[in-house]
Amino acid sequence: MIGSIAINKIDAESAKMIELAQKMWNEPETAYNEVKAAAWTAELLKEYGFEVEVGAYNLPTCVVGRYGSGHPVIGLLGELDALPGLSQKVQTTKEAVCEGAAGQGCGHNLLDVACLAAAVGVKEELQKSGLPGTIVFYGCPAEEVLTGKVFMAREGAFADLDACFAWHGSAFNMSINGYGNGLNSAIFHFKGRTAHAGGDPHNGRSALDAAELMSVGANYLREHVTSDIRIHYSYKEAGTAPNIVPDKAAVWYYVRGLSRENIEATYDRLVKVAEGAAHMTETELEVEFLGGCYNSVPSVYMGKLCTEALEEVGVPTYTEEELKFADELNKVSPRYEAVKDTPILADGPIFNHVMPFVLSTEVGGGSSDVADVAHICPTGMIMTATYNAAAPGHSWQITSCAGMSIGHKGMIYGAKACAVSALKLFADPKKVEEAKAEFDQMMNGKTYKCPIPKEVPIPQPKC
C-alpha cells in the first residue's frame, strides 16, 4: 500500500509528536506571538533532517521545513496560534488553567504536529522508495486572525507548490466538501475633541458619535449588498466617562462574502460610510486595514483523494475511559439537546467512521486563510475527530480534548491520512496533472491577487 512506510514511521515517532503537541497545549501563544511554538517546531524538524528556516517570508514566527528535490513539490500546512481566553483544564467541567489566558480552543497544537508528523512520514517513504519530489512543511502563524498565510503568500510562499494538504481537528472524519466565506478586516479610528459634556458640549467633537453614525450607516448598507455578504462589528474604544465628550473611538469591522469581488465592493462602500460619519461629526478618520482572505472553494479531486486515504488508514479505536469523557462533555454541551437525536451522535460520543465525499452546496459562515493557498495551487483539507461530537467550535471543550488522548489519537490519524494523500501524488504524476487541471478549471483564467497590500506591515511578536 502506498504510504505504509510513512504510517509505520508516524507510529514509531508518535510519542515525540504527542510531546510537542502537549508542550504547545501547556504554553499556548496567540496570533503572531508563537515564538516558543515556532522554536519547538523548528527544533523537531531539524532533528528529522529537514532544511529549516525560522522567520520565513519575513514573518518572525513562520517556520518552513523542506526535504527532497525536484517535482512534485507538495506542501503541508501546520498552524501555530491559540485562541485568547480559552484556557481550560483537561476535565469535563469548565475551569480555566489560568483565568482569561489563551487556550487551544481550535486545537492548533494538534494541527501543527499532525502536519509535521505527516511530513516526517512522507520524508521516510521518499527516502526508502526512491520517489522523486520535495515535501515542504509550513508552520504558519496567525490563522485565527485570518492573515498569517495571506502575508506569507504576499511574500512569495506557496508559489512553487504543485499541490498542498491541510488538516484540522473536528467532530468528524471527512474531507472538506463545502464552501466558506472570504473576509476583509479593518478597524475604523475616529479622532475628535474633548469638552465638558454638560458645560460646553458645543466645543467638543465626539468620536463616539462618529463611530455610532458609522454603525447606523452600515446597518442601512446591509439591505443593499449581495445576499452572500455578512457585516460584523465590535467596538474597541468608546470614551471614558459620560461627562467628557469622547475624543477617541474605534470600531472593528469584518466584511465576509463568497467572492473577493463582492467583499471588496462592499468594503469600499463601508469606508465611504465611515468617511461620511467623520464629515457629519467634524472628526478625523483613520482606517487601519488588518487584512483579508479568500473564500474557500472545495476541490472535488483532492477531496476524493483525501477521503480514500482516510478510509485506507482506518479510524482510531477508543478506550472506555475516553468514551466516558466524551459522553460527559456531550451532555454538558449547549448543542447536546439539539443534536442528541440526530446522526451526529449516532456513532456514540466520538464520531467513528469516515464520511463519504459528497460535494455540498452549503456555505460555512466562517473563514480560513487556507483558502488563499487553495487559490494558488490544488489543495485538499482533511478533518479527523479530535473532540466530542457535540462540542461547539472554539470552545473550552475543544481545549480540554486537545490536551489529552482523544485529541492525540485524532492528530495521529490525521497525520497518516495527510501522508498517504501526499504520497499518492508523489507516486503518480498523472494524479498531479489531474488535480491541476481541475484547479485551472476552478480558477477560470483568474490568478491569485493578495488581499493585503504591500504597505500593510507584518505584525511583530509582542513578547
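How far is the sulfur of C140 from the closest cysteine sulfur, and which residue holds that sulfur? Select C140 and C62 to find out; keep in mind that the model is predicted. The closest cysteine sulfur to that of C140 is in C62, at 5.9 Å, which is too far for a bond. A disulfide would need the two sulfur atoms within 2.5 Å. From the other side, C62 is in no disulfide either, and its nearest cysteine sulfur is that of C140. Widen the search to the whole structure and the disulfide count is zero.

Keep both cysteines selected and color by relative accessible area. C62 is buried, at 0%. C140 is buried too, also with a value of 0%.

Next, select residues 207-221, which form helix α6. Put a distance monitor on the C-alpha atoms at its two ends: they are 21 Å apart. The 15 residues should span 21 Å at 1.5 Å a residue, so the model agrees with the expected length.

Stay on α6 and highlight A207, A210, A211, M214, S215, A218 and L221, which are buried. Look down the helix axis: these residues cover an arc of only 140 degrees, so they sit on the same side of α6.

Now show what covers that buried set. The elements include the strands β8 (182-191), β9 (230-238) and β10 (248-257), together with helix α7 (260-281).

Finish at the N-terminal end of α6 by selecting S206 and L208. S206 caps this end of the helix. The contact to display runs from a side-chain oxygen of S206 to the backbone nitrogen of L208, at 3.3 Å.

Notes: Residues numbered from 1 in each chain as written. Predicted model: local features only at pLDDT ≥ 70, side-chain atom pairs only at ≥ 80, totals over all residues. Heavy atoms only, no water. Helix = DSSP H or I, 4+ residues; strand = E, 2+ residues; numbered from the N terminus. Expected span 1.5 Å × (residues − 1). Buried < 20%, exposed > 50% of the residue type's maximum accessible area, 1.4 Å probe, protein only. Arc of directions from axis to C-beta. Contact = heavy atoms within 4.5 Å. Polar contact = N/O pair within 3.5 Å; in protein donor to acceptor, adjacent residues only side chain to side chain.
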